[in-house]
Amino acid sequence: MTFLIRTIDHTATGREILRERSVDGDTLTIGRATSNDIVVPDLAVEQHHVKVEETDRGRLEMSAASNRDFTFDGSKRTSVTFDPAKGGALLLGVYTLAFSRESDGQVLVSVTREEKEFGNRDAVRGFDLASAMPSKRVAAWIGVLVILGAFLVVPIWTNLTREEKQPGAYDADQVMWDASWSTGKLSKAHHALEQNCEACHVEPFVSVRDETCLTCHKDIGDHAGRDRLAISRGPFPTGDALLWQVADAFGKEGPEACTTCHTEHEGAGRMEPAAQQFCSSCHLDMDTRLTDTALGNAHDFGTHHPELQALVHHTLGEGETKRVTLDGKAREEHGLRFPHDMHLSKTNGVARMAGNLPDYGEALVCSDCHRPTDDRNGFLPVEMESDCESCHSLVYDKVGSTFRSLRHGDVAAMRADLIAMDRAPRSPITSGLRRPGEFKRGGRYFLEFGRPTQNYIGITRALSEGGVCGECHVPTTVGGEATVMPVFQRSSYFLNGRFDHEAHEQEDCTSCHAADTSSSARDVILPTLATCRECHQGAEAIEADVPSTCAMCHSYHPPTFQRREDAPVEEQAERVVRLSSRRKGTE
């Protein structure tokens with residue numbers, strides 16, 4: 001059997017709205033619960049009030065599904081059997097369900113809601129809650145006034161009457177209820193200003209100004225001069241130019257303002273860096289507008305980026321640096337001789353020596369000598385005392401139980417120490433043992449400091465091309481005296497970029513730096529652009545292991561800190577002591 005449910009509703013103007021749907025089955029359930037076939041939303045109706053079933057000969061049997069009765073054709077019943085062809089009306093609350101049979105055999109159930117008249121309406125209204133409340137219109141106006149007072153009048157009044165406060169001051173917020181104007185939480189960088197809106201919003205209805213930002217960020221570096229920024233960006237399209245004119249009318253600074261890139265109230269977390277499009281709008285074809293620029297055009301790291309360049313010392317013995325392209329052939333003249341492949345071998349004599357020392361493993365690894373800086377973007381200079389002396393000892397004498405070591409890094413002091421040695425010949429430290437090879441008497445590394453003449457000869461021999469010092473240093477002569485070339489080490493090779501080694505700790509050093517195959521310290525064993533692109537592609541690259549934006553490696557504001565290689569001598573000495581203590585476990 002098919003039941004055709006027809007619901008009849010009325011609009012406020014009295015127009016009827018008909019909705020029809022069909023229910024197939026021999027049973028029809030009626031009640032207030034939404035699981036019924038016909039839902040009657042009246043509190044006088046039970047959740048499951050009536051059940052209608054088909055019987056023999058096309059008749060319908062209606063029975064109460066609960067302990068409540070129902071009204072059918074004006075009589076209260078708990079069950080009734082009727083012929084739908086003759087019709088019948090079920091009354092539940094204010095709803096009437098009229099049953100009839102259509103010509104096609106379907107049973108039509110018409111559901112209508114009746115508005116009952118309660119007699120004297122004015123008398124009844126006295127018992128309504130609405131009689132003690134204002135009308136909807138009055139309540140709406142009261143709500144509008146409350147909102148205006150709480151969120152507009154009070155903040156504006158307290159802002160106009162507050163005490164003068166310097167931008168960036170960490171004082172209590174003097175403006176009341178101004179948090180309602182906030183569009184979101186501040187980032188972690190500005191979390192301390194969460195309840196201090198006036199620290200940045202100095203003037204009401206005026207955008208945050210650059211001078212306000214600079215009260216805290218005093219040492220921030222400018223990306224470039226404002227005039228060069230405007231030229232490199234080029235003219236705005238008509239639509240963008242119009243928008244900036246509108247923004248200027250409301251007190252917002254130009255496109256070079258701090259707030260153009262640094263948007264706040266975007267949620268508590270890390271402040272999002274500028275999008276790649278912001279950078280490429282200038283750098284895509286910047287050389288057509290800034291004809292004097294030395295920078296290459298860049299748009300996307302995966303598809304349009306110049307080859308990486310490193311800042312190296314290009315002249316032996318001089319501290320001046322220049323940028324070279326990392327094409328696998330870059331060289332640096334920093335004054336050291338150091339074969340990486342020999343020290344990283346797992347089978348040669350260096351490996352055997354490392355295995356016999358308590359501070360190393362079975363062979364040397366990169367981290368035995370290279371230690372990252374605090375920012376993890378570079379490495380501390382390698383120090384003789386903390387990194388090399390475990391294997392390359394500078395002990396030259398023993399007096400009683402005290403060993404005397406040469407002062408590394410000061411050739412004049414080394415020369416004076418050797419010349420000032422006692423002239424009396426010394427008995428050997430060990431007896432019955434002879435040193436082999438080039439360490440034997442008369443060999444390359446043998447020095448007998450028993451006589452002053454031998455002292456001078458030993459100094460000259462040590463500082464020669466094939467001497468002990470010449471193993472790691474480049475010998476030279478200054479004023480007729482033998483010495484070595486100055487050594488320059490860099491902690492960062494990139495002038496306009498940074499590299500976070502902490503984010504790459506899961507990689508082996510040699511996967512990017514070919515140190516295990518480098519036989520010369522002059523090799524700049526930094527990765528090429530192609531090596532980086534094995535994992536890093538542009539910001540929109542779908543198949544990239546690491547989609548990379550410009551801000552991942554570049555900072556819009558150039559660093560103003562002092563580089564470690566330019567640090568004072570006292571700071572370098574302190575660092576040497578700290579590293580030496582760390583190696584010995586006494587820090």
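A disulfide is counted here when two cysteine sulfur atoms lie within 2.5 Å of each other. By this rule the chain has 0 disulfides. In general terms, such a link is a covalent bond between the sulfur atoms of two cysteines. Cysteine 261 shows why none is counted for it: the closest cysteine sulfur, in cysteine 279, is 8.0 Å away, too far for a bond. Cysteine 469 is in no disulfide either, as the nearest cysteine sulfur, that of cysteine 472, is 8.9 Å away.

Before we go on, a word on what you are looking at. This is a predicted model, in which local features need pLDDT of at least 70 and side-chain atom pairs count only at pLDDT 80 or more, while totals for chains, interfaces and linings use all residues. Residues are numbered from 1 along each chain as its sequence is written, and side-chain values use heavy atoms, with hydrogens and water left out.

Let us start with the whole chain. The protein chain holds 14 helices and 20 strands, where helices (H or I, at least four residues) and strands (E, at least two) are DSSP runs numbered from the N terminus. Of its 587 residues, 28% count as buried; buried means under 20% relative accessible area, exposed means over 50%, and partly exposed lies in between, using a 1.4 Å probe and protein chains only. Cysteine 261, which we have already met, is buried, with a relative accessible area of 18%. A contact means heavy atoms within 4.5 Å, and among contacts between residues at least 6 apart in sequence, 46% join residues at least 24 apart.

Now to the strands. Seven of them form an open sheet with mixed pairing, in the order β2-β1-β12-β11-β10-β7-β8; two strands pair if DSSP finds at least two bridges between them. The edges belong to β2 (16-24) and β8, and each has a single partner strand, so one side of each is left without a neighbour in the sheet. At the β2 end, strand β1 (residues 2-10) pairs with β2 in the antiparallel sense over 9 bridges. Within this pair, arginine 6 stands opposite glutamate 20 in β2.

At the other end of the sheet order, β7 (70-72) and β8 (75-77) are joined by a loop that holds aspartate 73. Its phi is near 50°, a positive value in a residue other than glycine. As a general rule, most residues other than glycine have a negative phi. Aspartate 73 counts as partly exposed because its relative accessibility is 48%.

Another pair of strands makes a hairpin: β15 (residues 395-399) and β16 (residues 402-405) run antiparallel and are joined by 4 bridges. Valine 395 has serine 405 in β16 as its bridge partner. There are 2 residues between the strands, and glycine 400 in this hairpin takes a positive phi near 65°.

Two histidines in loops round off the tour. Histidine 265 sits between α6 (258-261) and α7 (276-283), and its phi is also positive, near 60°. Is histidine 334 buried or partly exposed? Histidine 334 is buried, with a relative accessible area of 12%, whereas histidine 265 is partly exposed at 23%. The loop of histidine 334 lies between β14 (321-325) and α8 (340-343). Leaving aside neighbours within four places in sequence, histidine 334 is in contact with Pro486, Val487, Phe488 and Ala521.
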